[in-house]
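Thank you for making time this morning. Please take a moment with the sequence and the structure before I begin, and then I will walk you through a few of the contacts.

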Amino acid sequence: MVINPLLVTIQSKLLEDKVNMILEENKDLNKLVRDMSQQINDLEREAQNRKYVYTDTGLKYAVRKDKRLLMNGLVPQQETDIVAFSATLNHVVTLGTHQAIEYDNVITNIGHAYDARHGHFIVPFKGLYLISVTGYNSPAVNVFLELVRNSQVIFNMYSDGRGGGQSGLTETLILSLDKGDMVWVRGRSSGNDIYGFPTENCNSFSGYSLQKL
């Protein structure tokens, strides 16, 4: 049998190219596996730091001490002597029963205690806090709002839309809150629209620490 040197050379070259291709694919696969492993590790760490507990009255956090990850790029909550936040709603929201209002336009968030992703204020230390809520309904819609502390209703608000009109109201209280308490605003019943627009801060949620206890 006569072996054609040219054919051998071509076959060797093809085999070499195939091996190189496989090696390159393995590099990509190895990188993908490393990236996925890193993502899994990150998710596991976050799962250890934050656990979600769902109840019929809303979403509550069960978190390890000093391991909360909050909004603004997942900024860890920091030890601070001052807490101050104000956030408004920049779009119309149709509320469900006991649905938390996520005030997404954050104006002030000193101490990073307000979580815009869920609309919750998580108390960083025991103290006296001033809490203020302003409500404003969409035209011809009645709106019932509740301020809640750890699923306990603190006060109710009603905005009257009878006759096609709109009305606004504000409630302000001084509350004694414990570290880890969660405070938020929610709708009392379903199907009600609260007004929101990027340039009109009609619905707002604010809080300020007055004194540590």
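**A walk from the surface to the rings**

Let me start with one residue, L210, which is partly exposed, because its relative accessible area is 42% and partly exposed covers the range between under 20% and over 50%. I should say early that this is a predicted model, so please keep that in mind throughout. L210 is found in strand β14, and together with I82, I110, L130, I174 and Y208 L210 forms a nonpolar patch on the surface, whose members have about 530 Å² of accessible area together.

Stepping back to the whole protein, the secondary structure comes to one helix and 14 strands. Of the 213 residues, 37% count as buried, while the protein exposes about 12400 Å², of which carbon and sulfur atoms supply 55%. If we take the contacts with a separation of 6 or more, 70% of them are accounted for by residues 24 or more positions apart.

Now to the aromatic rings, where a search of the whole structure finds seven pairs. How are the rings of F85 and Y114 arranged, stacked or edge-to-face? Their centres are 5.3 Å apart and their planes are at 5 degrees, so this pair is stacked, since planes under 30 degrees apart count that way. The pair links distant parts of the chain, with F85 in strand β3 and Y114 in strand β6, 29 residues apart, and both F85 and Y114 are buried.

Y114 also forms an aromatic pair with F205, and this one is edge-to-face, with 6.1 Å from centre to centre and 80 degrees between the planes. Here again distant parts of the chain are linked, because Y114 is in strand β6 and F205 is in strand β14, 91 residues apart. F205 is buried, as is Y114. If you look at the wider group, F85, Y103, Y114, F121, F125, Y129 and F205 form one aromatic cluster. For F125 there is a further detail, namely that K212 lies over the face of this ring, at 4.7 Å from the ring centre.

Let me finish with the charged side chains, for which a search of the whole structure finds five salt bridges. In one of them, the side chains of R117 and D115 meet at 3.4 Å, N to O. The two partners sit in contrasting surroundings: R117 counts as partly exposed at 32% relative accessibility, whereas D115 is buried, with a relative accessible area of 0%.

Another salt bridge joins the side chains of E146 and R186, at 2.7 Å, N to O. Because E146 lies in strand β9 and R186 in strand β12, the pair ties together parts that are 40 residues apart in sequence. E146 is buried, with a relative accessible area of 6%, and R186 counts as buried too, at 3%.

Which residue forms a salt bridge with R149, the closest N and O atoms being 2.7 Å apart? That residue is D181, and since D181 lies in the loop between β11 and β12 while R149 lies in strand β9, the pair ties together parts that are 32 residues apart in sequence. D181 is buried, with a relative accessible area of 7%. Finally, R149, D178 and D181 are linked in a network of salt bridges.

Methods:
Residues are numbered from 1 along each chain as its sequence is written. Side-chain values use heavy atoms; hydrogens and water are left out. Rings of Phe, Tyr and Trp (its six-membered ring) pair if their centres lie within 6.5 Å; planes under 30 degrees apart count as stacked, over 60 as edge-to-face and the rest as tilted. Helices (H or I, at least four residues) and strands (E, at least two) are DSSP runs, numbered from the N terminus. Buried means under 20% relative accessible area, exposed over 50%, partly exposed in between (1.4 Å probe, protein chains only). A charge sits over a ring if NZ of Lys or CZ of Arg is within 6 Å of the ring centre and within 35 degrees of the ring normal. Contact means heavy atoms within 4.5 Å. Accessible areas come from the Shrake-Rupley method with a 1.4 Å probe; for residues, only the protein chains shown count as cover. Patches are made of residues with over 30% relative accessible area and no salt bridge: like charges are joined within 9 Å, nonpolar side chains (Val, Leu, Ile, Met, Phe, Trp, Tyr) within 5 Å. A salt bridge is a side-chain nitrogen of Lys or Arg within 4 Å of a carboxyl oxygen of Asp or Glu.
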